[in-house]
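Colleague: Could you take one part of this model and go through it slowly with me, as you would for someone in their first year?

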Amino acid sequence: MKKKSLGVNAILNSLQTLLNLIFPLITFPYVSRVLSVDGMGKYNFSNSVISYFILLAGLGISRYAVREGARLRDDRVEFSKFASRIFSINLCSTIVSYLLLFVVIFTFNNLKIYVNAILTFSIQIFFTTLGVDWLYTIYEEYAYITLRNILFKITSIILLFLFVKHSNDYLKYAAITTFASVGSYALNFIHAKKFCDIKITWKFNWNPYIIPILTIFGTMLAVTIYVNSDIIILGFLKNDYTVGIYSISAKIYGMVGPMISATMAVTIPRLAMLMGKKRYKEYKRLFKRLLQSMIIIVIPSVIGLMLTSRNVILIIAGKNYLQSTSSLRILSLALFFGAMNTILVECVLIPSKREKATLITAIVAAVINVALNFVLIPILSENGAAVTTVVAELSSMLINFRFSKDIIGKDLFNKEFLKNGLCAIFGGIGIALVCLLIGNTVSSNVTQLILSVIFSIAIYSLILWIFRNELFFDVVNKIKLFIK
């Protein structure tokens with residue numbers, strides 16, 4: 001297989017995540033105003049419930065497939081056998097997920113008012129399995145993924161403006177959201193023939209697959225619990241209004257996180273391949289570069305989001321959701337801990353087959369998060385939910401770092417790391433000064449945000465240029481090459 005450029009992939013994935021950020025900026029102001037706070041609360045509560053069943057159907061298969069499949073991707077015959085087995089296991093978990101979903105719906109009376117929305121979202125369970133997204137991650141097909149996302153996002157926007165017009169149209173919004181993902185996954189399955197021949201098969205030894213898959217699933221379940229427990233517990237302890245308020249800050253937090261991690265996402269299959277083929281020197285060199293790149297990206301992003309939170313809330317959701325500002329500022333802190341933790345999990349522990357370590361960490365973080373939610377939500381409401389997310393992400397990062405130390409090496413925090421850290425800190429200070437200055441001199445929220453973003457990028461680029469930052473100049477050269 002022709003080796004793809006990580007730099008080009010990073011640009012494509014950044015473009016994709018930028019689109020994921022831009023499209024909600026177009027649609028969310030409209031939806032949040034049309035549906036009202038209660039409508040958004042019902043939509044997000046139902047979506048949070050179904051996310052557990054999507055997770056159950058996925059069963060940790062994607063992470064396992066990327067780790068093991070990266071070693072086989074150059075051999076179509078062997079990879080086809082592997083892909084067929086993975087897909088067959090995934091079908092079984094999908095059936096189990098649907099059975100449990102129906103049991104839950106008919107058991108809990110509190111869910112009756114959400115049944116229609118939950119069933120609408122549930123269509124995603126089957127098509128997520130059909131979509132074999134892990135296949136495109138293994139083959140680093142970011143150009144295809146980006147084009148596919150643009151197509152279905154544009155279609156969903158058109159449908160949104162055509163059909164969502166009243167405060168009780170949250171079911172239509174759910175249907176349009178579901179259609180966007182279902183269409184992408186259907187296209188995925190058709191396009192998969194380019195890389196391998198997927199068939200349903202049951203005659204193989206399941207044991208080598210099931211144990212690591214279930215361990216990874218346990219980790220993902222625990223993480224999902226502490227990510228989604230905030231909204232679930234808010235729904236039970238408070239009301240739809242509070243869920244609607246917090247869901248805005250959580251939604252923005254969820255959009256910015258992937259944008260920050262775009263560079264890391266394209267590196268995961270390459271690191272898994274290097275680890276799987278025992279090319280440890282190359283692995284360490286790439287990992288160090290990734291970590292330093294993330295430091296350069298994450299710190300200024302956190303500072304920028306904290307200082308522009310009010311503008312972002314007003315533009316995306318309107319004055320009715322202004323209460324979300326404080327919880328978004330708190331969640332901004334979690335972006336740093338979450339990004340660092342994701343690097344340790346996806347790029348170190350999973351490729352090195354230490355999924356048991358990630359499971360322990362995730363369980364500890366989930367217990368901390370859920371326990372703190374019951375303590376802090378009654379007192380601090382949506383801000384308490386945000387605080388628990390920060391604490392959970394910090395705990396996960398510290399524990400996973402301890403599990404990873406012997407792999408990433410003692411020389412990780414060298415002079416180069418320190419230099420990049422200083423660049424990020426000085427850059428963050430520059431961004432803070434720019435945002436505060438613009439905030440005190442410009443009255444329009446839209447103008448404030450636009451100018452803050454433009455001048456923050458400019459001042460940060462200038463600081464990186466003054467420091468002669470190697471990563472900065474490498475990105476500039478990659479962009480020039482990509483444009484040509």
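Modeller: Tryptophan 206 is partly exposed, because its relative accessible area of 23% lies above the 20% under which a residue counts as buried. Phenylalanine 204, by contrast, has a relative accessible area of 12%, and therefore counts as buried. In this model, which is predicted, the rings of these two residues, phenylalanine 204 and tryptophan 206, have their centres 5.0 Å apart and their planes at 10°, so the pair is stacked. Both residues belong to a cluster linked by ring pairs, whose other members are Tyr64, Phe79, Phe82, Tyr136, Tyr139, Phe195, Trp202 and Tyr209. In the whole structure, a search finds 22 aromatic pairs. One of them joins tyrosine 64 and tyrosine 209, whose ring centres are 6.0 Å apart and whose planes stand at 65°, so this pair is edge-to-face. Here the pairing links distant parts of the chain, since tyrosine 64 sits in helix α2 (residues 61-69) and tyrosine 209 in helix α8, 145 residues apart. Tyrosine 64 and tyrosine 209 are both buried.

Helix α8 itself deserves a careful look. It covers residues 207-237, and at 1.5 Å a residue its 31 residues should span 45 Å, which agrees with the 42 Å that separates its end C-alpha atoms. Along its course, however, α8 has a kink of about 45°, and this kink is centred on serine 229.

Methods:
Residues are numbered from 1 along each chain as its sequence is written. This is a predicted model: local features need pLDDT of at least 70, side-chain atom pairs count only at pLDDT 80 or more; totals for chains, interfaces and linings use all residues. Side-chain values use heavy atoms; hydrogens and water are left out. Helices (H or I, at least four residues) and strands (E, at least two) are DSSP runs, numbered from the N terminus. The expected span of a helix is 1.5 Å times one less than its number of residues. The bend at a residue is the angle between axes fitted to the seven residues ending there and the seven starting there. Rings of Phe, Tyr and Trp (its six-membered ring) pair if their centres lie within 6.5 Å; planes under 30 degrees apart count as stacked, over 60 as edge-to-face and the rest as tilted. Buried means under 20% relative accessible area, exposed over 50%, partly exposed in between (1.4 Å probe, protein chains only).
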